[in-house]
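Me: Here's a structure I'd like to get to know better. Please pick one part, take a close look at it, and tell me how its pieces connect.

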Amino acid sequence: MIIKFITNSADKTQLLANKLASALEKGDVLTLDGDLGAGKTTFVQGLGRGLGIKGNINSPTFNILKCYFNGKLPLYHIDAYRLEDHVNTDIGLEEVIEGDGIAVIEWPKFIQEMIFEPLEVSIKIVSEKEREISFQSDYIKYQRVFDRLKEIKDEL
Ligand SMILES: Nc1ncnc2c1ncn2[C@@H]1O[C@H](COP(=O)(O)OP(=O)(O)OP(=O)(O)O)[C@@H](O)[C@H]1O
Ligand SMILES: [Mg+2]
């Protein structure tokens, strides 16, 4: 399954993610690929809003894992960038991936061995304000997410 969007502002990317949140369930794992500044964290901010999380969601680059518990479901925001050299991967990531909430993972390639059935989100920079956001998964459990994405196509 694959579906693609083009957004023309950070707000639109957040709105897309915000709307998507209603289709997410406990244990879902979203991987986020894209160059520096593509909009991965921006996407997670929209997702957080959609889950009803209050307060600021920022890049966890210096934390690796940030947890938000004040929304509809726990949100675990992982940025694996600093795990490139495989130092200190023993920080409980296994517990939050396919855990009691939603895990979103920036730079998943650095913790590939911990990720089993992801919904892959890839963000490409088209121009200063445009991003191509594609959603892809081989796992039937994400059919509900693709159904929702088809609705969002008509709403955006
Ligand atoms: N259509 C768009 N969607 C998302 N972000 C956009 C868009 N147009 C412009 N931007 C800008 O691009 C930047 C994206 O930054 P963001 O921190 O989300 O990227 P990132 O992929 O998380 O980067 P990093 O790899 O450094 O963590 C923001 O400044 C945002 O305002
Ligand atoms: Mg980021």
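Reply: Let's begin in the core. The largest nonpolar core has 47 residues, and the members that touch the most others are F43, L47, L75, I97, I111, F135 and L149. Keep in mind that this is a predicted model.

F43 makes a handy starting point. Setting aside residues up to four places away in sequence, F43 touches T13, A17, L20, L30, L32, V121, I123 and F135. F135 is also on that list of best-connected core members.

From F43, hop over to T13, which sits in helix α1 (residues 10-20). T13 has a relative accessible area of 4%, so it counts as buried, the cut-off being under 20%. Again leaving out neighbours within four places in sequence, T13 is in contact with T7, G39, T42, F43 and I133. D11 is in helix α1 too, but D11 is exposed, because its relative accessible area of 59% is over the 50% mark.

Now for the metal. The magnesium ion (ligand 2) is coordinated by T41 through OG1 and by E106 through OE, at 2.1 to 2.5 Å. T41 belongs to helix α2 (residues 40-50) and E106 to strand β5 (residues 102-106), so this pair ties together parts that lie 65 residues apart in sequence. Both protein donors are tucked away: T41 counts as buried because its relative accessibility is 16%, and E106 counts as buried because its value is 3%. How far is T41 from the exposed D11 in sequence and in space? D11 and T41 are 30 residues apart in sequence and 12 Å apart in space, going C-alpha to C-alpha.

That brings us to the largest pocket, with a volume of about 160 Å³. It is lined by 13 residues, and the closest to its centre are L36, G37, K40, T41 and E106. So what links the pocket to the metal site? T41 and E106, which coordinate the magnesium ion, are also among those residues closest to the pocket centre. Helix α2 gives the largest share of the lining, at 3 residues. By class, the lining is made up of 4 nonpolar, 6 polar and 3 charged residues.

Put together, the trail runs from F43 in the core through its contact with T13 of helix α1, and then over to T41, which coordinates the magnesium ion and is one of the residues closest to the centre of the largest pocket.

Note on methods:
Residues numbered from 1 in each chain as written. Chains lettered and ligands numbered in written order. Predicted model: local features only at pLDDT ≥ 70, side-chain atom pairs only at ≥ 80, totals over all residues. Heavy atoms only, no water. Donors = N, O, S within 2.8 Å, 3.2 Å for Na, K, Ca; no water. Helix = DSSP H or I, 4+ residues; strand = E, 2+ residues; numbered from the N terminus. Buried < 20%, exposed > 50% of the residue type's maximum accessible area, 1.4 Å probe, protein only. Core = buried A, V, L, I, M, F, W, Y, C linked by side-chain atoms within 4.5 Å. Contact = heavy atoms within 4.5 Å. 1 Å grid on protein atoms, 1.4 Å probe; cavity = no way out; pocket = protein on both sides within 12 Å on 5 of 7 lines; lining within 4 Å. Points joined across faces, edges and corners; volume = space filled by probe spheres on them. Nonpolar A, V, L, I, M, F, W, Y, C, P; charged D, E, K, R; others polar.
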